[in-house]
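Please open the model in your viewer and keep the sequence panel beside it. This tour suggests what to select at each stop and says what is found there.

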Amino acid sequence: MAYLFVHFREKTTPDGEQVYFGLSKDGFGWEAVNHGQPILWAYYGDKGVRDFTIIKCGATGKYHIIATDLSLAYGMRNQYHHSWDEIGRKGSKCFSVWESTDLVSWSEQRLVQFGDKDFGCLWAPDIIFDRERGDYVVHWSSSHRCNDYGQKAIYYSRTKDFGTFSKPEVLYRKEGSGVIDSAMYEEEGKYYLFVKSEGNPHRIILLESEHVTGPFARVEAFDESMAAIEAGQYEAPTAVRLEDGRWCLFLDYYGVPGEGQGYVPFVADSLASGRFVRSDEKFHFPYGFKHGTIIKISEEEYGRVRDFYH
């Protein structure tokens with residue numbers, strides 16, 4: 001078993017907002033793929049992509065990458081006039097999508113519209129398989145006309161084939177603050193949803209539910225384990241279950257400019273416990289990975305990706 005990390009790099013040039021891969025044999029030590037250069041480029045939409053998720057469809061065996069359609073390198077200077085508010089209101093209603101059967105031969109980028117005219121920019125998609133319904137749930141954060149594009153909520157859409165998607169519905173809305181950067185995982189029949197709360201607290205929080213679409217309850221033990229880290233400095237949670245059964249949660253640290261940014265690992269015996277311990281000394285990254293998703297891959301797939309991009 002091995003691990004693939006699909007991510008971007010926080011750079012001021014357009015090459016940073018493209019598709020990058022990282023590989024690991026154990027989830028602890030990571031290596032860059034393609035000599036740290038992009039694997040895929042976005043040529044449509046905003047011509048930049050961020051906040052990736054990747055999943056393997058059990059029915060077809062295909063891998064699907066879905067990403068935020070946004071380029072700060074181009075768009076912030078151009079159509080968004082250096083305004084995050086304009087991005088939130090007028091940004092893309094689409095996600096960028098790629099497919100592959102082998103992780104090295106990828107389809108051309110396509111744009112899939114998830115939001116209608118009432119949505120603001122669609123951010124940070126994530127995907128989970130719903131065992132109850134036998135389909136996939138794509139969820140993301142967005143502002144909406146219903147509250148004048150104010151505090152963001154998490155929305156979701158269902159799909160069986162990654163070709164057609166259901167009309168968006170609200171997955172989770174937090175009273176008193178917006179929420180972004182959702183990531184969901186299943187453990188022992190329960191579903192655990194990480195989100196970044198934009199206030200009260202300004203931290204990552206963890207929620208649990210019997211069902212993919214909720215209702216969700218707060219895991220208070222997680223709040224206690226995160227109490228020591230700086231508020232408002234971490235985002236983009238992504239997690240993976242290691243071979244020894246423990247969970248590794250990666251949080252994207254953005255509290256400093258430039259090379260100091262990137263993922264910080266926290267380890268827990270289980271999601272249900274909610275008790276994650278920071279474990280920097282055990283992990284190595286070749287550079288600052290930004291907002292992405294980790295999946296398990298086979299030893300054969302690890303070798304294929306590594307050799308193809310060597």
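The stops below begin with the whole chain and then move to single strands and loops.

**The whole protein**

Begin with everything displayed, and keep in mind that this is a predicted model. Colouring by secondary structure brings out 4 helices and 20 strands. If you show the C-alpha trace alone and turn it along its principal axes, the spans are about 50 × 45 × 40 Å. A compact globule with 310 residues would have a radius of gyration near 19 Å, and the protein has 18 Å, which agrees.

Now switch on a surface, where the protein exposes about 12900 Å² and carbon and sulfur atoms supply 48% of that area. Buried residues make up 59% of the 310 residues. Among contacts with a separation of 6 or more, 53% are accounted for by residues that lie 24 or more positions apart in the protein. Colouring by charge gives 35 positive and 46 negative charges, and the mean positions of these two groups are 3 Å apart.

**Strand S6 and its partners**

Next select residues 94-100, which form strand S6; 7 of its 7 residues are buried, so the strand is largely enclosed by the rest of the structure. With side chains shown, Cys94, Ser96, Trp98 and Ser100 point one way from S6, while Phe95, Val97 and Glu99 point the other way, and all of them are buried.

Which strands pair with S6? Add residues 63-69, which are strand S5, and you will find 6 bridges joining S5 to S6 in an antiparallel arrangement. Within this pairing, Tyr63 has Ser100 of S6 as its bridge partner. Then add residues 110-113, strand S7, which also runs antiparallel to S6 and is joined to it by 4 bridges. Here Val97 stands opposite Arg110 in S7.

**Two residues with positive phi**

Stay in this region and select Leu103, which is found in the loop between S6 and S7. Leu103 has a positive phi of about 75° although it is not a glycine. Is Leu103 buried or exposed? Leu103 is buried, with a relative accessible area of 0%.

Move on to Ala124, which belongs to strand S8, residues 119-130. Although Ala124 is not a glycine, its phi is positive, at about 50°, and this residue is buried, with a relative accessible area of 2%.

**Two cis peptide bonds**

Now zoom in on the loop between strand S13 (190-197) and strand S14 (204-209), where Pro201 has its place. The peptide bond leading from Asn200 to Pro201 is cis, with omega near 0°. Follow the chain through S14 to the loop between S14 and strand S15 (217-218), where Pro215 is found. The peptide bond from Gly214 to Pro215 is cis, with omega near 10°.

**An open sheet**

For the last stop, select the open sheet of 4 strands, whose order is S16-S17-S18-S19 and whose pairing is antiparallel. Strand S16 (234-241) and strand S19 (277-278) stand at the edges with a single partner strand each, so one side of each is left without a neighbour in the sheet. To look at one pairing in detail, show S16 together with strand S17 (residues 247-253), since 6 bridges join these antiparallel strands. In this pair, Thr238 stands opposite Phe250 in S17.

Technical notes
Residues numbered from 1 in each chain as written. Predicted model: local features only at pLDDT ≥ 70, side-chain atom pairs only at ≥ 80, totals over all residues. Heavy atoms only, no water. Buried < 20%, exposed > 50% of the residue type's maximum accessible area, 1.4 Å probe, protein only. Pairing = 2+ DSSP bridges. Rg over C-alpha atoms; globule rule 2.2 N^0.38 Å. Contact = heavy atoms within 4.5 Å. Areas by Shrake-Rupley, 256 points an atom, 1.4 Å probe, with all protein chains shown as cover. Lys, Arg positive; Asp, Glu negative; His and termini not counted. Charge placed at Lys NZ, Arg CZ, Asp CG, Glu CD.
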